[in-house]
Amino acid sequence: MKRIAVFPGSFDPFTRGHEDIVLRGLKLFDEIIVGIGYNSGKSNRYFEIELMVKKIEETFADYPNISVLTFAELTAAFAKKHKAKYLLRGLRNTTDFEYENSISQVNRHLNPELESVFLITTPQFAAISSSIIREVHRYKGDVTAFLPYTL
Ligand code: ADP
């Protein structure tokens with residue numbers, strides 16, 4: 001049976017740190033679905049979700065086993081719908097750990113079949129965060145080095 005994982009996140013924007021987690025995840029899974037979660041109500045995103053889908057697809061154009069979808073429901077339900085038994089997440093530091101620890105407990109409760117798998121960040125990407133990139137971009141700074149695509 002194919003091992004399918006969902007890599008869920010806001011990806012606002014998708015960064016080199018995220019790309020690294022997906023590519024390393026391919027050593028563990030046959031298929032990875034990058035799932036961009038959003039609120040079905042008014043969007044509070046900085047980067048348009050459609051733009052991010054396009055850019056992530058462009059990033060993984062050479063990988064037929066990586067796909068990109070958006071979702072506005074519980075991550076556990078989204079994973080189940082796509083027959084994914086694994087949730088892939090990245091860990092940069094203890095703050096990530098605290099947060100990931102609690103959501104993984106909730107996800108396990110919602111869908112006991114779903115196993116969360118965590119990859120520790122590659123040191124060179126540890127300082128990259130979507131929120132910092134948004135700040136730099138907002139004030140017209142150059143964010144090229146942090147992204148695996150050009151905006
Ligand atoms: P969320 O809004 O769900 O936290 P993000 O888009 O910020 O989504 O991140 C998605 C996942 O990627 C999370 O597990 C996060 O910890 C991880 N992540 C974010 N940045 C990095 C990075 N630089 N290196 C490794 N993992 C990262």
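I'll start with one contact: a polar backbone atom of Phe 125 is 2.8 Å from a nitrogen atom of the ligand. The protein covers 87% of the 550 Å² of accessible area that the ligand has on its own. Keep in mind that this is a predicted model, and that the distances come from its coordinates.

Two further contacts involve ligand oxygen. At Phe 11, a backbone N or O atom lies 2.9 Å from an oxygen atom of the ligand. At Arg 89 the side chain takes part: one of its N or O atoms is 3.1 Å from an oxygen atom of the ligand.

Now the shell. Which residues are closest to the ligand? They are Ser 10, Phe 11, Gly 90, Phe 125 and Ile 128, out of 16 that surround the ligand. By type, the shell divides into six nonpolar, six polar and four charged residues. S1, H1, S4 and H4 each supply at least two residues to this shell.

Next, the site itself. Where does the ligand sit? It sits in the largest pocket. That pocket holds about 1100 Å³ of space. There are 43 lining residues, and the closest to the centre of the pocket are Pro 8, Gly 9, Ser 10, Arg 89 and Tyr 99. So much for the centre; on to the elements of the lining.

Strand S1, residues 4-9, helix H1, residues 16-25, and strand S4, residues 86-91, each supply at least two lining residues of the largest pocket. The same holds for helix H4, 94-110, strand S5, 115-120, and helix H5, 130-138. H4 gives the most to that lining, with eight residues. Sorted by type, the lining of the largest pocket has 17 nonpolar, 18 polar and eight charged residues.

Last, the backbone in the loop between S1 and H1, where Phe 11 is found. Most residues other than glycine have a negative phi, and most peptide bonds are trans. Phe 11 is not a glycine, yet its phi is positive, about 45°. Pro 13 also has its place in the loop between S1 and H1. What kind of peptide bond joins Asp 12 and Pro 13? A cis one, with omega about 10°.

To return to the ligand: Phe 11, with its positive phi, is also the residue with a backbone N or O atom 2.9 Å from an oxygen atom of the ligand. That is the end of my part.

Conventions. Residues numbered from 1 in each chain as written. Predicted model: local features only at pLDDT ≥ 70, side-chain atom pairs only at ≥ 80, totals over all residues. Heavy atoms only, no water. 1 Å grid on protein atoms, 1.4 Å probe; cavity = no way out; pocket = protein on both sides within 12 Å on 5 of 7 lines; lining within 4 Å. Points joined across faces, edges and corners; volume = space filled by probe spheres on them. Helix = DSSP H or I, 4+ residues; strand = E, 2+ residues; numbered from the N terminus. Nonpolar A, V, L, I, M, F, W, Y, C, P; charged D, E, K, R; others polar. Near = heavy atom within 4 Å. Polar contact = N/O pair within 3.5 Å; in protein donor to acceptor, adjacent residues only side chain to side chain. Areas by Shrake-Rupley, 256 points an atom, 1.4 Å probe, with all protein chains shown as cover. Sits in = over half its atoms within 2 Å of the grid points.
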